Structure formats: C-alpha cells, structure tokens
Amino acid sequence: MIRRKGIRFKIFLVTAALLVVSALLIYLTLYFMLPGYYKTIKQARLESGVSELVKAIDGQSAEKAIPLMAEFGQDHNAAIVIRDKEGQGYYIPPNFRGMKNWLSRNATYLGMRSQIEAGRVLDGRSGGPIGNGDAGSKGPMMHMLSVEKQIRFAESEEPYTLSVDAPLQPIGEAAGVILLFLPYMLIPILLIAVGGALIYSRLIARPLLSLNKVARRLAKLDFSVTKPALTTKDELGELSLSLSRLAGNLQLTMGELQEANAQLKDDIEREREQEAKRREFVATISHELKTPITAVSGQLEAMIANVGAFRDRDTYLRQSYTIMREMDKLVHEILELSKLESRDFLPLMREVDLSELVRESMGHMSYLAEVKRMRLECELPEEAIITADERLMSKAVANIITNAVQYSGDAERVVVRLLEEAGEEQVLRPWYRLEVLNTGVQVDEAKLPRLFEPFYRAEQSRSRSTGGSGLGLYIVSKVLDAHGAEYSIANTPEGVRFSVRVQGAA
C-alpha cells in the first residue's frame, strides 16, 4: 500500500505528471508548429530543386530545356511557366507527357504570339492561366509555393522568367485531425504515464525504503545490522555498505562504552565503599586512641597533683608507659596498613623459606604459651621456598600464630602444620598449605566473615586484656592478598583453624 506522504507516492505523482505533461506538450507542439515547419522545409527543397534545374537548362535550346522542365514538374508536382519580358509565356502543366499536341505543327518553340494554342498562354496582366477561371478566385491556388529564376535559351538572347508553382499539401487539415484525435489519445497517455510511474517509483523507492528501515533501527540503537540491505554497485549500494559498517562500529563502540560504564559504576561503588570504610576507620582509630590517651592524661594529672593513690608515682608511671607502648604498637599497625592500602605499594618479592618464618614466630610465642600452660605442636618440612616479601609474610605468619595463642584458653593446644600439596600440577611450582589450629574455642559462624574487617573483635568487651586492637587479621588479609594467596578461617570439632594456601617458587 502506498502512503500519501511516502516517497514512493511522491515519486509516482511527480513521474506521472511529468509523463502526462510531456505527452501533451509533444502533441500540442505537433499541432501548432508542424504546419509552419512543413512549409519551410517544402519551400527550401523547392528552391534547391529549381536552382539545380536552372543550372541544367540555362543556355540550352528550348527543345532540350522544356522536356527537362516538364520532368521537374512531374517529379515535384509543380506547374512551370516561362514568361518573356512582356509577361506572356508558356504554361507547362504537372501532367505534361510530351511535346505532341502542345504546339501547332509548324510552330517554333519560342514563337509566342502566333504559335499559341488555347489554354496554354498566361496573361501577363492577370497572372492566371487562361481557361482556369478568374485570377481572383480562391481555389487550389491558395496553398501554393512559388519560386522565380531568370534563364536564357540558345535560340534567343532575350531573358525569360522561369516561375515554378508547387501545391502545398493541406497540412493544416492534418493538424486539425490531430487535435480532434487528442481525446482518444488521452487514455493511452494516462495508462502509459501511470504504469511507467508505478514501475519507476518502485525501482527508485524500494532501495530507499530498505535504507530507511536500516536507519530506523540505528535510530533505536539497534546495531545488529550485519549484512548490507543493498548489494548493488551504485551509490545506494555503497551507502548501504557504509550503514552496515557504521552499525558494526557503533555496536562495538557501544559494547565498549557499556563495559566502561559498568566498570565506572563498579569503581564509583567501590570508591564509595572505601570512603565509607575510611570514615569508619578514622572514627574507630579516634576511639581506639582516645581511651588510652584519656587514661594516661588522667593518671599524669593525678600524679602531678599527688591525689590519693596516685602519690605512688612509680606504679602509675609503669601503667602509663604500658599504655603508651600499646598506643605505639597501634600507630605502627596503622602506618603498616596505610602502606599496604597505598596504590603505589609494591611488595619486595624474593625467595623466602616459609618453614623458617614459622619457626621464628613459634619461638617468639613460646614464652606466652608457657605462661598460659599451653602446648605448641609443630609439623614442618625442612624448607618450603616461596616467592614473597619476607618482612610482610613474617608479620602475617606471626599475627596468625599470635591470635591462636591469645584467643585460646589455659592448658589448650596450638597445632601448626606446613604441608606440601601433592598432584601432577605441582611438578613445576609446588603449593604449600599452612594450617594453624587452636583448640578449646569456637567462633560464632555469623562472626567468622567479619574477622578480617579492621578493628573487629569477636569478643564485645573490646578490653585490651582479652583482645588486641582488631587490626591483626585485617593486616594478615592485606598481606596475603598482595601475595595472591588463598586463606580462610573456620570452626572444627577441635577448635578454630586458620588455613593459608600459597604457591612455591619456581
């Protein structure tokens, strides 16, 4: 169905109108201009023929010239008149067949006054043939073409005027017939115009409509156009190919933009989370520092004023010193975290013996274990070479073992195992698993995932005597993340087990 505002309808309308108008113009041009053009052509041809005739008969004898003139008259359906200087002459009709019966027997060809038969002499005053009616009558002589030339015959030096009159066919009547026939021609004209316009509009509009569909899909951000709508070798085919390539490029670009947008959203969300954690971290640090600072300030003020029990300065100075050492330890842990969380942080990687780091940490905790009457059990290989930052990995191992000792009850066990995992994939680079088990304790399952959060402690009292600062396991998680290690903490029937899986050196 053709839409009235569509391009197909417009092309059809314009083409049909142009065809109808063109046909009518051609028809009317034939009617108005054909008679004049026909007369001009006929006049030019007659003049050219008469000029050739004059060249052929000028200076010839009348006996030779008159048959040539008669032949010319027959060929051109023309009447020829030869006049002398007095205006009288011979008339050669178009149907001239010979010299017989044209002049009297003893006449000469140029004896005009005494050798003339009736009907063949022109009166120079009237200009009309004798016996053909009045010169002023309006008969067949109206549509005539005339040419006059000067000639001479060999028999006489006297010049003669050669007049050639050719009838002009009634072309005006033919033009009138053409005009009368116009109503009958309108139907074929309209049929041809409408049919041609339909075919033309279809051929032109179809590729444009195909391109329009592609453009609409692109406008709706549908870039799934993989094949060109047109495969022709012309400009429309090139445009279709360009649209197809544009769709592919836009689809690729939109995919990249969507990925970048998703990444940007993730980065913004992560930045918001980090900002929230940063604010919480600062608030927690402020709280952690405020309490010991207030305690030390109160003790020092009381000692300066010699108030009550604070007169015993030695005892409270030791307490203040102990509190300040805890604060110093907390500040160092915060500085360590600041380095680990810095974007410019790069661990100093080299080959390290993990077994040796575990032995050193176990040695540092032996005194506290003896105080709590705990038993330390250790199962280590002679060496376990890994690629790591020795200082950071040593701190992480120490924090894990320290937490196990601190959060276990008296007379419990802390079991440390370092095992090399077996398997075909371990041939080139082995994997080591470090397990630290402290018995006699259990952690609420809901609290296990939060143990790696900064300043989070499983016990709610937040007392220094029952727990640390809450940064130990958070520092451990940051160190292990920097080394690409896998770690977890879980409850077992015996207690709580911390597990670390790290890849060995090549």
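Here a biologist and a modeller discuss how some features of this predicted model got their labels.

Biologist: What makes α2 reach close to its expected span?

Modeller: Helix α2 covers residues 62-76, which is 15 residues. The expected span at 1.5 Å a residue is 21 Å. From first C-alpha to last, α2 reaches 21 Å. The value is close to the expected one.

Biologist: Which residues of α2 are called buried, and what makes them so?

Modeller: They are Ala-62, Ala-65, Ile-66, Met-69, Ala-70, Phe-72 and Gly-73. Buried means under 20% relative accessible area, so each of these falls under that cut-off.

Biologist: How do you know on which side of α2 they sit?

Modeller: The buried residues cover an arc of only 160° around the axis, which puts them on the same side of α2. The face turned away from that buried side carries Glu-63, Lys-64 and Asp-75, which are exposed. Exposed means over 50%, so these three pass that cut-off.

Biologist: What comes after α2?

Modeller: Asn-77 follows α2, and its phi is positive, near 55°.

Biologist: Now the sheet. Why are β7 and β11 called edge strands?

Modeller: The open sheet has 5 strands in the order β7-β9-β10-β12-β11, with mixed pairing. Strands β7 (375-379) and β11 (486-491) each pair on one side only. That makes them the edge strands.

Biologist: How do you know that β7 pairs with β9?

Modeller: Pairing needs at least two bridges, and 5 bridges join β7 to β9, so they pair. The two strands run parallel. Arg-375 has Arg-413 in β9 as its bridge partner.

Biologist: Which helices lie across the strands?

Modeller: Helix α9 (residues 390-406) lies across β7, β9, β10 and β12, at about 20° to β10. Helix α10 (residues 472-482) lies across β11 and β12, at about 25° to β12.

Biologist: What makes a set of residues a nonpolar core?

Modeller: They must be buried nonpolar residues, joined through side-chain atoms within 4.5 Å. The largest such core has 49 residues. Among those with the most contacts inside it are Leu-434, Val-436 and Phe-498. Its largest share, 8 residues, comes from α9.

Biologist: Why is Phe-498 said to be in contact with Ile-400?

Modeller: Contact means heavy atoms within 4.5 Å, so the pair meets that limit. Other contacts of Phe-498 include Leu-434, Phe-452 and Tyr-487.

Biologist: Which residues does the second core include?

Modeller: That separate core of 24 residues includes Leu-53, Ala-70, Ile-92 and Val-164. Ala-70 is also one of the buried residues of α2.

Definitions and conventions: Residues are numbered from 1 along each chain as its sequence is written. This is a predicted model: local features need pLDDT of at least 70, side-chain atom pairs count only at pLDDT 80 or more; totals for chains, interfaces and linings use all residues. Side-chain values use heavy atoms; hydrogens and water are left out. Helices (H or I, at least four residues) and strands (E, at least two) are DSSP runs, numbered from the N terminus. The expected span of a helix is 1.5 Å times one less than its number of residues. Buried means under 20% relative accessible area, exposed over 50%, partly exposed in between (1.4 Å probe, protein chains only). The arc is that of the directions from the helix axis to the C-beta atoms. Axes are lines fitted to C-alpha atoms, for helices over the stretch in contact, and angles run from 0 to 180 degrees between N-to-C directions. Lists of a residue's contacts leave out its neighbours within four places in sequence.
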